[in-house]
Amino acid sequence: MSTKPSLNLLELQDVFGKILSGEDFGEPTNDIAELIYLGQFSQRNLEDLLMEHNINDIRKIRIHLLDLVLCYITYSLEDNFLTAREAENVRYLKRIFKIQEGDFYQKKYSEIETILDRQFLLMYQNNKIDGIEALQKVQLQELFDLSNDQFLRLRNKFVSGSLDKGAEALDMETFMKF
């Protein structure tokens with residue numbers, strides 16, 4: 001028996017309360033955020049809301065929804081760690097908002113660069129990547145649907161900086177030892 005992943009609305013209400021108090025995405029994106037904050041988010045309520053705003057395809061407001069998801073990611077990373085549940089929530093939001101692979105990179109490059117720069121700065125500050133940080137990097141790459149080349153391009157300045165400071169190349173990645 002397979003179960004569909006869904007939002008854990010209780011976990012999201014706090015974050016979306018912060019988002020609504022500090023951000024304005026315009027209509028209907030604010031209304032969508034409010035549905036989540038109030039614990040009333042569902043596919044049916046989303047469809048009703050879109051119909052109220054005469055939107056027949058959610059992709060028409062994709063750029064605002066990308067901003068909303070980026071805001072959620074930013075608030076989730078305030079503790080510098082993305083939990084499995086937070087990552088699952090992002091995957092669900094991307095699917096329900098019809099965010100496709102490449103959307104973040106093509107439409108919100110500078111925003112993801114800023115988020116990743118902050119995370120890489122923390123990861124590479126001791127010139128070594130441990131197992132948890134390696135998993136976090138994989139999770140961040142998946143979060144933004146980045147190809148290996150795209151991810152490496154965004155990460156390389158931090159690796160170069162660590163190598164310039166005398167870090168060992170093998171410490172920049174975690175390898176499985178057999």
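**Figure 1. The lining of the largest pocket, seen in a predicted model, combines nonpolar, polar and charged residues.** The residues that line this pocket divide into 6 nonpolar, 2 polar and 4 charged, and the space that they border comes to about 190 Å³. Helix α3, which covers residues 43-52, gives the most to the lining, with 5 residues. The full lining consists of Q43, L46, E47, L50, M51, I55, N56, D57, I58, R59, I96 and K98, so that a reader can find each of these residues around the pocket in the close-up.

**Figure 2. The protein chain is built from helices, with 9 of them and 0 strands.** Read from the N terminus on, the order of elements is α-α-α-α-α-α-α-α-α. The chain has 178 residues, of which 44% count as buried, and its accessible surface comes to about 10,200 Å², with 51% of that surface belonging to carbon and sulfur atoms. Among the contacts with a separation of 6 or more, 73% are made by residues that stand 24 or more positions apart in the chain.

**Figure 3. The largest nonpolar core of the model brings together 49 residues.** Inside this core, the residues with the most contacts are F16, I32, F41, L68, F97 and F144. Helix α4, made of residues 62-76, supplies the largest share of the core, namely 8 residues. One of the residues with the most contacts in the core is I32, and, when its neighbours within four places in sequence are left aside, I32 is in contact with F41, L46, L49, I61, L65, L68 and F97.

**Figure 4. Helix α2 and the residue that follows it are shown here.** Helix α2 spans residues 29-37, and its buried residues are T29, N30, I32, A33, L35 and I36. An α-helix has 3.6 residues a turn, so residues three or four places apart point the same way. Just after α2 comes G39, which takes a positive phi of about 75°.

**Figure 5. C71, a residue of helix α4, is viewed with the residues that it touches.** C71 counts as buried because its relative accessibility is 10%, which is to be read against a limit for buried residues of under 20%. If residues up to four places away in sequence are not counted, C71 touches I19, E23 and F25. The view also takes in V15, which is 56 residues from C71 along the chain, while the C-alpha atoms of the two are separated by 9.2 Å.

**Figure 6. Q139, in helix α8, is shown with its contacts from elsewhere in the sequence.** Helix α8 runs over residues 131-143, and within this helix Q139 counts as buried because its relative accessibility is 18%. Leaving aside neighbours within four places in sequence, the residues in contact with Q139 are L82, T83, A84 and A87.

**Figure 7. E111, found in helix α7, is viewed together with L70.** Helix α7 comprises residues 109-124. The relative accessibility of E111 is 32%, and E111 therefore counts as partly exposed, a class that lies between the buried residues, under 20%, and the exposed residues, over 50%. Although E111 and L70 are 41 residues apart in sequence, the distance between them in space is 7.8 Å, taken from C-alpha to C-alpha.

Methods: Residues are numbered from 1 along each chain as its sequence is written. This is a predicted model: local features need pLDDT of at least 70, side-chain atom pairs count only at pLDDT 80 or more; totals for chains, interfaces and linings use all residues. Side-chain values use heavy atoms; hydrogens and water are left out. On a 1 Å grid over the protein atoms alone, a cavity is a set of points where a 1.4 Å probe fits but cannot get out, and a pocket is an open set with protein on both sides within 12 Å along at least five of seven lines; lining residues have an atom within 4 Å of a point. Grid points are joined across faces, edges and corners, and a volume is the space filled by probe spheres set on the points. Helices (H or I, at least four residues) and strands (E, at least two) are DSSP runs, numbered from the N terminus. Ala, Val, Leu, Ile, Met, Phe, Trp, Tyr, Cys and Pro count as nonpolar, Asp, Glu, Lys and Arg as charged, and the others, Gly among them, as polar. Buried means under 20% relative accessible area, exposed over 50%, partly exposed in between (1.4 Å probe, protein chains only). Contact means heavy atoms within 4.5 Å. Accessible areas come from the Shrake-Rupley method with a 1.4 Å probe; for residues, only the protein chains shown count as cover. A nonpolar core is a set of buried Ala, Val, Leu, Ile, Met, Phe, Trp, Tyr and Cys residues joined through side-chain atoms within 4.5 Å.
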